[in-house]
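Biologist: I'm new to this one, so could you set the scene and then take a close look at a single part of it? Pick a spot you like and stay with it for a while.

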Amino acid sequence: YLWGRDILVAPVLKQGAVSRPIVFPRGRWIDMRDPRVSYTGMINSYDAPLDVLPLFVRAGAFIPQSDYRMTNTTDYDPSRLTVSYYATRGIESDYTLFDDNRMSPRSLAQGSYRLIRFNGDCADNGDMKITISSEGTYDMTPDKIDIDFKVPGLAAAPSSVTVNGKKTKFIYDSNSGLLSVKLKFVPGKTTEISIIN
């Protein structure tokens, strides 16, 4: 089943089975367990022992996450965000994150919310340009958001990463292919990230 627009969940439904066939929706789908592997169409057998839940992400998707434990929405910290960008060569993509005070059932009707937009363009040569922008606000909204921006599945470390035209530090894990960049996003302004092969 699809969980939202960009995540495909393919649990084993047959008792005792340790693998399963998977039919993918149109487009390219990236394996969340190993983001260096992607699929299209159908595979006859995907290894899925008891401790593995097959999860796939649409190529180009932005997946917001939290890196801390939450038991309910009151634990959510709108000043901290982790965003994984499943960049794929030749694919442009976008994602809009809705944020409100998590208490008022009338935030939409009252216009008391913020939209944070992520736009990504991964060129055929692997260079990436990501733009983060926002609109709207609500009471007690944070003035700055700490974003841990991640790009899984890269074959090699980039030659440079810039945020708003300035070179910035990054971490690249060669074992997993994960690139991590920490940045501060100021809502109401635009942040541009450039990742050069």
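**From the whole fold to one strand**

Modeller: Of the contacts in the protein with a separation of 6 or more, 61% are between residues 24 or more positions apart. Keep in mind that what you see is a predicted model. In the way of regular elements, the protein has 1 helix and 18 strands. Its radius of gyration is 18 Å, close to the 16 Å the globule rule gives for 197 residues, so the protein is as compact as a globular protein of that length. Along the principal axes, the C-alpha atoms fill a box of roughly 50 × 45 × 30 Å. Of the 197 residues, 41% are buried.

Now for the close look: let's go to strand 13, residues 145–151. Here 6 of the 7 residues are buried, so the strand is largely enclosed by the rest of the structure. What does strand 13 pair with? Strand 9 (residues 80–85) runs parallel to it, and 5 bridges join the two. Strand 17 (residues 178–185) runs antiparallel to strand 13, with 7 bridges joining them. If you're wondering what holds such pairs together, strands of a sheet pair through backbone hydrogen bonds, either parallel or antiparallel.

Phe149 is a handy landmark in strand 13, and Val83 stands opposite it. Phe149 also has a bridge partner in strand 17, namely Val181. So click on Phe149 and you can pick up both Val83 and Val181 from there.

For a second arrangement, look at an open sheet of 5 strands, paired antiparallel in the order 1-2-7-4-5. Strand 1 (2–3) and strand 5 (38–39) are its edges, each pairing on one side only. Inside that order, strand 2 (residues 7–9) and strand 7 (residues 55–58) pair in the antiparallel sense over 3 bridges, and Val9 has Leu55 in strand 7 as its bridge partner.

Loops can be tucked away too. Ser112 sits in the loop between helix 1 (107–110) and strand 11 (113–122), yet at 18% relative accessibility it counts as buried, because the cut-off is under 20%. Leaving aside neighbours within four places in sequence, its contacts are Asp100, Ser107, Thr137, Tyr138 and Asp139. Tyr138 is 26 residues away from Ser112 in sequence, but their C-alpha atoms are 4.6 Å apart in space.

Methods
Residues are numbered from 1 along each chain as its sequence is written. This is a predicted model: local features need pLDDT of at least 70, side-chain atom pairs count only at pLDDT 80 or more; totals for chains, interfaces and linings use all residues. Side-chain values use heavy atoms; hydrogens and water are left out. Helices (H or I, at least four residues) and strands (E, at least two) are DSSP runs, numbered from the N terminus. Buried means under 20% relative accessible area, exposed over 50%, partly exposed in between (1.4 Å probe, protein chains only). Contact means heavy atoms within 4.5 Å. The radius of gyration is taken over C-alpha atoms; the globule rule is 2.2 Å times the number of residues to the power 0.38. Two strands pair if DSSP finds at least two bridges between them.
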